[in-house]
Amino acid sequence: MPEFKSDFLRILSERGFIHQISDETGLDELLLRETVTGYIGYDPTAASLHVGHLTQIMMLYWLQQTGHRPIALMGGGTGMIGDPSFKDEARKLLTPEIIEQNLAGMKKSFSRYLEFGEGPADAVMVNNADWLLDLNYVTFLRDVGRHFSVNRMLSFESVKLRLDREQSLSFLEFNYMILQAYDFVELQRRYGCRLQMGGSDQWGNIVNGIDLGRRMEDATLFALTSPLLTTASGAKMGKSESGAVWLDPAMLSPYDFWQYWRNTEDADVGRFLKLYTALPMDEIARLEKLEGSEVNEAKKILATEVTALLHGRAAAEEAAETARKTFEEGALAESLPTVDVPRSEVETGIGVLSAVVRAGLAATNGEVRRAIANNAIRVNDKPVTDDRAVIGSGDVTAEGVIKLSFGRKKHVLLRPH
């Protein structure tokens with residue numbers, strides 16, 4: 001990687017965000033010369049963003065922190081079609097109503113990382129439905145479609161993978177590439193946007209936009225992609241044993257979010273500190289050198305810093321304190337995740353298998369049985385040895401709850417009501 005002069009590319013380079021840049025020197029000089037507007041697109045396929053989106057969100061964060069203007073492009077239009085990139089099959093089509101609900105949920109997460117407003121470096125949130133849904137098809141084919149070579153589109157890795165596996169690639173999805181390229185042109189027209197960023201699987205789509213901008217507007221546009229990330233053991237970022245790691249606190253508590261990062265594999269700590277926190281590089285270098293049990297301190301700092309960026313410093317420190325009380329003191333921390341259960345059920349008695357599944361600590365009764373056999377299930381910190389055990393009113397603590405634990409790090413409170 002070359003020595004960059006602009007703050008933005010220098011920070012992204014030293015923190016490990018850069019996979020490819022279409023014109024390194026040209027983009028570096030542009031960033032030195034003026035306030036650059038750059039964007040990343042997000043498809044509204046769920047009601048919240050998740051940890052898998054965090055690399056790109058942090059790229060927008062650093063763009064704004066270094067004096068430039070980020071655009072979060074919401075795919076209200078393209079989301080009705082679906083992106084074929086590296087997918088084994090076509091995405092399910094979403095209705096406009098579901099898309100609208102999902103966009104509203106996703107907007108909440110962005111405001112934690114970006115400052116929105118009217119200033120030259122204030123972030124902008126845009127929905128591509130604003131221009132895509134009103135397009136005249138024949139006019140679009142004449143003005144935009146004529147610039148695309150089907151031969152070249154077939155050569156892109158994302159398309160080739162599907163065709164090599166003899167999997168269907170619908171005409172709808174084939175159009176996605178053209179629409180995404182057109183988004184870049186529209187953002188250049190409307191906002192003076194010169195840079196599109198995304199994961200490395202988006203390279204072909206972004207380069208299409210660069211070419212279209214040159215052909216239609218005689219504009220010089222730039223592409224920057226980040227590596228597709230997995231954990232050291234090969235797991236996909238943003239997934240945990242219990243599902244997606246959502247950014248919306250209504251879908252995943254700050255405590256559970258903190259725990260996800262606390263459970264980072266040793267080999268990933270330094271890399272994740274660079275990518276997902278704003279800690280200075282010299283502090284990260286110090287933490288990277290920690291070995292043995294001291295690595296756990298680095299993990300706690302990672303968890304607290306990532307959680308603070310999303311949920312605020314107070315929520316992050318409360319999560320860290322909850323964890324400390326739970327694991328170091330064995331105390332009952334009131335801010336643990338809580339599941340309400342009818343008091344009548346508790347009085348009658350709930351089977352431990354059912355209770356653990358209802359608490360979200362396991363997906364099936366079979367998983368709980370295996371955990372009990374491995375001494376991994378505890379009720380109020382006491383090991384459960386019989387999978388036919390029943391939890392009842394005698395297990396309710398003085399605090400009015402029953403603490404269920406799966407292993408050392410997963411805890412939920414059952415609260416009779």
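These legends go with a set of close-up views of a predicted model.

**View 1. The six-strand sheet, from edge to edge.**
Start with the open sheet of six strands, whose order is 1-6-5-2-3-4 and whose pairing is mixed. Strand 1 (20-21) and strand 4 (124-127) are the edge strands, each pairing on one side only. Further in, six bridges link strand 2 (residues 37-42) with strand 3 (residues 69-74), and the pairing here is parallel. If you want a residue pair to pick out, try Tyr42, whose bridge partner in strand 3 is Met74.

**View 2. Two helices on the six-strand sheet.**
Here we look at what packs against strands 1, 5 and 6. Helix 2 (residues 24-33) lies across strand 1, strand 5 (195-199) and strand 6 (222-226), and runs at about 105 degrees to strand 6. Helix 10 (residues 203-217) also packs on the sheet, where it touches strand 1, strand 5 and strand 6. The direction of helix 10 makes about 170 degrees with that of strand 6. Between helix 10 and strand 6 there is a loop, and Asp218 is found in it. Asp218 has a positive phi, near 55 degrees, despite being a residue other than glycine. Most residues other than glycine have a negative phi. With a relative accessible area of 68%, Asp218 is above the 50% cut-off, so it counts as exposed.

**View 3. Phe8 and the largest nonpolar core.**
The largest nonpolar core is made up of 69 residues. Phe8, Leu224, Trp261 and Tyr276 are the ones with the most contacts inside this core. Helix 3 (residues 54-65) provides the largest share of the core, with eight residues. Zoom in on Phe8 and, leaving out residues up to four places away in sequence, you'll find it touching Leu31, Met59, Trp62, Leu63, Thr66, His68, Leu195, Met197 and Leu224. There is also a second, separate core of 29 residues, with Val144, Val159, Tyr182 and Phe184 among them.

**View 4. Helix 1 crossing helix 3.**
Two packed helices are described by the angle between their axes and the distance between the axes. For helix 1 (residues 7-15) and helix 3, the axes come within 9 Å and cross at roughly 145 degrees. The crossing of helix 1 and helix 3 is right-handed. On the helix 1 side, the contact is made by Phe8, Ile11, Leu12 and Arg15. Met59, Trp62 and Leu63 do the job for helix 3.

**View 5. Helix 14 and what comes after it.**
A quick sanity check on length: helix 14 (residues 295-311) has 17 residues, so at 1.5 Å a residue it should span 24 Å, and the end C-alpha atoms are indeed 24 Å apart. Helix 14 is mostly covered, with 13 of its 17 residues buried. Next comes Gly312, which has a positive phi near 95 degrees. Arg313 belongs to helix 15 (residues 313-329). Neighbours within four places in sequence aside, Arg313 is in contact with Thr304, Glu305 and Ala308. Its relative accessibility is 40%, so Arg313 counts as partly exposed.

**View 6. The five-strand sheet and the covered strand 14.**
This open sheet of five strands is ordered 9-15-14-11-12, again with mixed pairing. Its edge strands, each pairing on one side only, are strand 9 (338-341) and strand 12 (382-383). Strand 14 (residues 402-406) is mostly covered, five of its five residues being buried. Ile402, Leu404 and Phe406 are buried on one side, and Lys403 and Ser405 are buried on the other.

**View 7. Strand 14 and its two partners.**
Strand 11 (residues 377-379) is joined to strand 14 by three bridges, and the two run antiparallel. Within this pairing, Arg378 has Ser405 as its bridge partner. Strand 15 (residues 410-416) is likewise antiparallel to strand 14, with five bridges. Across that pair, Ser405 stands opposite His411, while Leu404 stands opposite Val412. The hairpin of strand 14 and strand 15 has three residues between the strands, and Gly407 takes a positive phi near 70 degrees there.

**View 8. Asn375 in the loop before strand 11.**
Asn375 sits in the loop between helix 18 (365-373) and strand 11. Although not a glycine, Asn375 has a positive phi of about 60 degrees. Asn375 is exposed too, because its relative accessible area of 52% is over 50%.

Note on methods
Residues are numbered from 1 along each chain as its sequence is written. This is a predicted model: local features need pLDDT of at least 70, side-chain atom pairs count only at pLDDT 80 or more; totals for chains, interfaces and linings use all residues. Side-chain values use heavy atoms; hydrogens and water are left out. Two strands pair if DSSP finds at least two bridges between them. Helices (H or I, at least four residues) and strands (E, at least two) are DSSP runs, numbered from the N terminus. Contact means heavy atoms within 4.5 Å. Axes are lines fitted to C-alpha atoms, for helices over the stretch in contact, and angles run from 0 to 180 degrees between N-to-C directions. Buried means under 20% relative accessible area, exposed over 50%, partly exposed in between (1.4 Å probe, protein chains only). A nonpolar core is a set of buried Ala, Val, Leu, Ile, Met, Phe, Trp, Tyr and Cys residues joined through side-chain atoms within 4.5 Å. The expected span of a helix is 1.5 Å times one less than its number of residues. A crossing is left-handed if the near helix is turned anticlockwise from the far one by less than a right angle, and right-handed if clockwise.
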